[in-house]
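Let's take a walk through this one together, a stop at a time. Have the sequence and the 3D view open side by side as you read.

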Amino acid sequence: MSAPASPDAASGAAPETLLLGQILDFTADPFSSPPEDSARHLSRGGIVLRGGRITEIGPAARLIESHASARRVDYGAALLLPGFVDAHAHYPQTGIIASWGKRLIDWLEGYTFPEESRFGDALYAATIAGRYLDLAIANGTTTIASFCTSHPESVTAFFQAAQARGMAVVGGKVAMDRNAPDALKDTPERAYDESKALLQRWHKQGRARYAITPRFTPTSTEAQLEAMGALWAEHPDCAMQTHLSEQVEEIAWVKELCPEAEDYLATYEKHRLIGPGALFGHAIHLTERERARLAESGSAVVHCPTSNTFIGSGVFDAAGLVAGGVEVGLATDTGGGSSFSMLRTMGAAYEISQLNGAVLHPAQLLWLATTGSAKALRMEAEVGTLAPGSAADIIALDLASTPAIAQRAARARDIWEALFPTMMMGDDRAVKAVWVNGVSRR
């Protein structure tokens, strides 16, 4: 397979590329319609790319005839899907992924804070940002929302690395002014000023989106949360990302720090850190009031299943939250999460749904990893879909990437049974190709 052709120098026209393979394309939300009927499956289909966008999708025979001059890339029986969308990650924790034996607060003190203290070094930040994004692409992830660190250098490194790879990403400087090492703490004023400068530099520059990023209530004073709320009010088209109700010890800590607050979510509400564009990572141990407020405010929560099991956080109620009107995304939560793979993340989400007594269908898992996460990020017009007009962020999945997966997929009665073994047992070997913004990256 050759690299994508460059624009025709004489005419200035960008050539078309036709990707061929199986196609699975959502036609409905599988949480609000029968999951097995929520997508169109083409056993032999095609996707036309031009200028970094999807221009057409349909049966292979028709597209081959109507786009005879297009360069063809044939993936055979591989399944063409939107690139995965990871709605909550910590790229600076790449080096400490799979570190043994800590719960949340100990994890922060023992692993996270020492590692994040290194990101004032621009070269180190650039090295890790590039490594992280390459690992993500290798696993079929083409869009990521990541926390950076409190160092502006870490934010610049992340956006520059994404820009070099053509990726749509969301990121922001972490604000922390208490309960953290001095090397990571800032002040309300500095958090506001540096976040605003970074926002002005990067937000909507190419495919970059900025996220105002208070780490969580335990590491931000009320003055700092107020400053972040004020900045978001000035720039409501940005995202706002933080953490909510990940572990019971964390909730008790918030209650100790903010005894007047009705609950954890109230500590954000007080400072206008709730509403469309808000991304609350984890959201496991929610009160009924918190669930209702998340839904009515238009906020999103992000399920991080491998992290929740790895550090013992608890059982997320995906089906219940969606039924209650809350927007839900899916994420690896690298490096508290134990895998860079959204396939493994979907498998873990299935396992947690079993524990919760509301089993997620493969269509619902795939939705969360693509369109659902894109909607949580307010980016569904660009990513997480194969709809014409969206960015050409596309992956090709080999549904028989290992002997164990192949022998199970061979017994499949429909596309969902064929895909599910890859969700449960697949890894980067299943990712046959990755296209980012119309360019082949794997």
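Start at histidine 282, which sits in strand E11, residues 278–282. Keep in mind that this is a predicted model. The backbone here does something you might want to look at twice: histidine 282 has a positive phi of about 85°, and it is not a glycine. Alanine 283 also has a positive phi, about 50°, and is not a glycine either. For background, most residues other than glycine have a negative phi. Alanine 283 belongs to the loop between E11 and helix H9, which covers 288–297.

Are these two residues buried or exposed? Buried counts as under 20% relative accessible area. Histidine 282 has a relative accessibility of 1%, so it counts as buried. Alanine 283 comes out at 1% too, so this residue is also buried.

Now move along to another histidine, number 303, in strand E12 (residues 300–303). With 1% relative accessibility, histidine 303 counts as buried. Its C-alpha atom is 6.1 Å from that of glycine 329, although 26 residues separate the two along the chain.

Go a little further and you reach a cis peptide bond. Which two residues does the bond join? They are threonine 334 and glycine 335, with omega at about 0°. In general, most peptide bonds are trans. Glycine 335 lies in the loop that runs between strand E13 (327–330) and helix H12 (342–356).

Next comes a helix with a kink to look for. Helix H13, residues 362–376, bends by about 50° at leucine 368. H13 is mostly covered, with 14 of its 15 residues buried. After H13 comes arginine 378, with a positive phi near 60°.

Let's step back along the chain to strand E9, residues 208–214. E9 is mostly covered, as six of its seven residues are buried. Which strands does E9 pair with? One is E7 (residues 168–172), which runs parallel to E9 and is joined to it by three bridges. To find this pairing in the view, look for valine 169, whose bridge partner in E9 is alanine 208. Another is E8 (residues 174–175), again parallel, with two bridges to E9. There, valine 174 has threonine 213 of E9 as its bridge partner. Then there is E10 (residues 239–244), parallel to E9 and joined to it by two bridges. In that pairing, isoleucine 212 has methionine 240 in E10 as its bridge partner.

Helices link some of these strands. E8, helix H5 (residues 188–202) and E9 form a right-handed β-α-β unit. From there, E9, helix H6 (residues 222–234) and E10 form a right-handed β-α-β unit as well.

There is also a sheet to trace elsewhere. Seven strands make up an open sheet with mixed pairing, in the order E3-E2-E1-E4-E14-E15-E16. E3 and strand E16 (439–440) are at the edges with a single partner strand each, so one side of each has no neighbour in the sheet.

Zoom in on the E1, E2 and E3 end of that order. E1 (residues 17–26) and E2 (residues 39–50) run antiparallel, joined by nine bridges. Phenylalanine 26 stands opposite alanine 39 in E2, and leucine 20 has glycine 46 of E2 as its bridge partner. E2 in turn is joined to E3 (residues 53–59) by six bridges, also antiparallel. Here glycine 45 stands opposite proline 59 in E3. The hairpin of E2 and E3 has two residues between the strands, and in it glycine 51 takes a positive phi near 60°.

Last stop: the enclosed spaces. How many cavities of 30 Å³ or more are there? The count comes to four. The largest cavity has a volume of about 140 Å³. Its lining is made of 15 residues, and those nearest its centre are His90, Leu104, Leu108, His243 and Glu246. Helix H2 (residues 104–116) supplies the largest share of that lining, four residues. Sorted by class, the lining has five nonpolar, seven polar and three charged residues.

Notes:
Residues are numbered from 1 along each chain as its sequence is written. This is a predicted model: local features need pLDDT of at least 70, side-chain atom pairs count only at pLDDT 80 or more; totals for chains, interfaces and linings use all residues. Side-chain values use heavy atoms; hydrogens and water are left out. The bend at a residue is the angle between axes fitted to the seven residues ending there and the seven starting there. Buried means under 20% relative accessible area, exposed over 50%, partly exposed in between (1.4 Å probe, protein chains only). Two strands pair if DSSP finds at least two bridges between them. A crossover is right-handed if, with the strands pointing away from the viewer, the path from the first strand over the helix to the second runs clockwise. On a 1 Å grid over the protein atoms alone, a cavity is a set of points where a 1.4 Å probe fits but cannot get out, and a pocket is an open set with protein on both sides within 12 Å along at least five of seven lines; lining residues have an atom within 4 Å of a point. Grid points are joined across faces, edges and corners, and a volume is the space filled by probe spheres set on the points. Ala, Val, Leu, Ile, Met, Phe, Trp, Tyr, Cys and Pro count as nonpolar, Asp, Glu, Lys and Arg as charged, and the others, Gly among them, as polar.
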